[in-house]
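Here is a quick tour of one chain and its partner, written for someone who likes to check things against the coordinates. Have the structure open while you read.

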Amino acid sequence: MLKKLLDRTHRGRTVSYIMVVVLYLIIEIMIHSGNLSSLFTSLLVPVCCYIVAAIGLNLNVGVSGELNLGQAGFMSVGAFTAVSISGYLAASVSNGPVRLIIAIIAGVMISAVFGLLIGIPVLKLEGDYLAIVTLAFGQIIKSIITNMYLGFDGNGFQFSFVDNNTKLAPGGKMLLNGPMGATGTAKISTFTAGVILILVSLIIVYHLMYSRSGRAIMAARDNRIAAESVGIDISRTKMLAFVVSASLAGAAGALYGLNYSTLVPAKFDFNTSILILVYVVLGGLGNMTGTIIATIILVLLPELLRSMQDYRMLIYAVVLILIMLLTNNENMKTRLRRLKNRFSGRGRKEGEVS
Amino acid sequence: MAEDKTPILKVEDLGIDFGGLTAVNDFNLEIFDREIVGLIGPNGAGKTTVFNMLTKVYQPSRGKILFNGEDTAKKNVVEMNRAGVARTFQNIRLFDQLSVLDNVKTGFHNRVVYSPVTAVLRLPSFRAKEKETEEQSIELLKIFGLEEEKDNLASNLPYGAQRRLEIARALATGPKLLLLDEPAAGMNPQETEELMSMIRLVRDHFKIAVLLIEHDMKLVMGICERITVLNYGMMLAEGTPEEIQANPAVIKAYLGE
């Protein structure tokens, strides 16, 4: 079993699972010993959400090779679905974790439906159409939710796109308030739930990558014509990667939405989509461990630099540029590879001795 | 040959226009089971265009392609492969970022089938199906002498090995007809020699018919049982290697007046 986990194809996966669990344990210990500032504690759940959304996006951009500029749109769908469901079920399902699971599943399902609706026409085309359409989708979803009023009372759901004229019966409750978004949400997201969600996303993505479907997805990315010639249906395989990516964004959004008592639709704008894309590109296309590390650093960095006030975005930009230069530098690459080879070579020798 | 049986591939009056240009016209061809047929002609004669029509990369403008006695007019590229036509490409098209083994495994996409849900949940059938795919892929790699390279990236293979890998991948789809587009291009005489015996072996081992485009006349005359010559998109001649070598029209097309 141990040998299997350390062989060539499994090593990368094992490293990322272990990394997530070890980080989780360290942070839990720090929380319990009171060594973590409240600022850091407040960032734990958002970091988990961005990691899940980035892992999903990496399946779409890195593994499947299709540019997606609307990951925040899918997060938005997941978030507001989850917040509404959680608000609706607040009285009937009082158990927080159970309600969280139901809300996440609902967020995943609705995001997946939107993914399917977008993917069916767009993924039949070759080229950058997915980038254009997902970009538009992100903007449209933001506008729709900004103008949506949703509430429920004894007669069921009340729904309107015109200024708040939903006339709720006594005892009714507003779930979404147009531009003000969702208010008074019970905060039921936890760091533990976030880490479990990361592990589940990793399992889903890795199991998919190292399977018949994963090979088809990567084949379609590497050479579309050859993939078709061996009988792979391109739009179906691209669709699989896209819908799984959208679903993971939905789950991430659900967890995010239920971490705050107030959530405005403007939170999930184009900038958020680009940020998630930056995490993926800096972490490495198709590299999930790298994506996790890049997300952690780039979410925490602006907060760590908060004391520097005016200079923090400048430093953030410089760090971004440095990472890009270093990871794309041929000299650095060969040096890193040599280091890696030496490391793995020694690992093998030790294995032989034992 | 088995002239009394129905041909595995029967092409009738095939033609295609690109805009106002007629690239191929009135093309006829019959291939019988376990036959090796050559398609030759000067550069730009339309040989690869014929391959692209047979695999439905291009939809023909005219004519009929009957595969196994069945009209293929409504089939697309993927369905054509499922029906039993596999091909290689003139400019090698491998999955560069996949390992040699995974390249062959993709060929089994429609032969060893399980759903993405089975993969994500790692249901019991996953292990059995993956084992089957792996064993059959290794079997193919052994035939083509690529077993040692199975964990290398396909793009890191030497040129000749890439050509062999493409053939292995095409065979993984379980074809009844294999189309080889210039399989010996870029190979040295010794490699070409090996390729010739390999094509014969593939025909006998997998019990399939082979149609090949090739400029290397030694290879074409050495292994093809029948040859069709194409020039300016029209059929120039058809016959055994001896007949073709003696045909004045063919000599004229290749050497000029």
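Which residues are buried in α1(B)? Keep that one in mind while we look at the chain as a whole.

## The big picture

First, a caveat: this is a predicted model. Chain B comes with 10 helices and 10 strands. Its C-alpha trace spans about 65 × 40 × 40 Å along the principal axes. Chain B has a radius of gyration of 19 Å, which agrees with the value near 18 Å that a compact globule of 257 residues would have.

As for packing, 41% of the 257 residues of chain B count as buried. Look at the contacts in chain B between residues at least 6 apart in sequence, and you'll find that 68% of them join residues at least 24 apart.

## Helix α1 and what it lies on

Back to the opening question. In α1(B), the buried residues are B:Lys47, B:Thr49, B:Val50, B:Phe51, B:Asn52, B:Met53 and B:Leu54. That makes seven of the eight residues of the helix, so α1(B) is largely enclosed by the rest of the structure.

The helix covers residues 47–54 and lies across β1, β2 and β4 of chain B. Relative to β2(B), it runs at about 70 degrees. After α1(B) comes B:Lys56, which has a positive phi near 70 degrees.

## The four-stranded sheet

The strands under that helix belong to an open sheet of four, in the order β2-β1-β4-β5 (chain B), and the pairing is antiparallel. At the edges sit β2 (21–31) and β5 (70–71) of chain B, each pairing on one side only. In the middle of that order, β1(B) and β4(B) run antiparallel and are joined by five bridges. One residue pair to click on here is B:Glu12, whose bridge partner in β4(B) is B:Lys64.

β4 (residues 62–67) and β5(B) pair in the antiparallel sense too, over two bridges. B:Phe67 has B:Glu70 as its bridge partner, while B:Leu66 has B:Asp71. These two strands make a hairpin with two residues between them.

## Two backbone oddities

Where in chain B does B:Asn68 lie? It's in the loop between β4 and β5, in the turn of the hairpin. Phi of B:Asn68 is near 55 degrees, positive even though the residue is something other than glycine. B:Asn68 is partly exposed, with 16 other C-beta atoms within 10 Å.

B:Asp13 is another one to look at: not a glycine, yet its phi is positive at about 45 degrees. This residue is found in strand β1 of chain B. Is B:Asp13 buried or exposed? Exposed, because B:Asp13 has 12 C-beta neighbours inside 10 Å.

## The six-stranded sheet

Chain B also has an open sheet of six strands, ordered β6-β7-β8-β3-β9-β10, with mixed pairing. Its edge strands are β6 (85–87) and β10 (234–239), each of which pairs on one side only. On average, neighbouring strands of this sheet are turned by 20 degrees against each other, if you ignore direction.

For a parallel pair, take β3 (residues 36–40) and β9 (residues 226–231) of chain B, which share four bridges. B:Gly38 has B:Ile227 in β9(B) as its bridge partner. A helix is involved here as well: α10 (residues 248–255) of chain B lies across β9 and β10, running at about 130 degrees to β10(B).

## The core and the contact with chain A

The largest nonpolar core has 162 residues. Those with the most contacts inside it come from chains A and B, among them A:Val52, A:Leu255, B:Ala168 and B:Leu177. Leaving aside neighbours within four places in sequence, the contacts of B:Leu177 include B:Ile8, B:Leu9, B:Ile31, B:Val85 and B:Ile208.

Which residues meet across the two chains? On the chain B side, 27 residues are in contact with 22 residues of chain A. Helices α2 (77–83), α3 (100–107) and α4 (116–121) of chain B each supply at least two residues of that side. By type, the side of chain B that touches chain A divides into 10 nonpolar, eight polar and nine charged residues.

Notes:
Residues numbered from 1 in each chain as written. Chains lettered and ligands numbered in written order. Predicted model: local features only at pLDDT ≥ 70, side-chain atom pairs only at ≥ 80, totals over all residues. Pairing = 2+ DSSP bridges. Contact = placed C-beta atoms within 7 Å. Axes fitted to C-alpha atoms, helices over the stretch in contact; angles between N-to-C directions. Nonpolar A, V, L, I, M, F, W, Y, C, P; charged D, E, K, R; others polar. Rg over C-alpha atoms; globule rule 2.2 N^0.38 Å. Buried ≥ 20, exposed ≤ 12 C-beta atoms within 10 Å, placed from the backbone. Core = buried A, V, L, I, M, F, W, Y, C linked by C-beta atoms within 7 Å.
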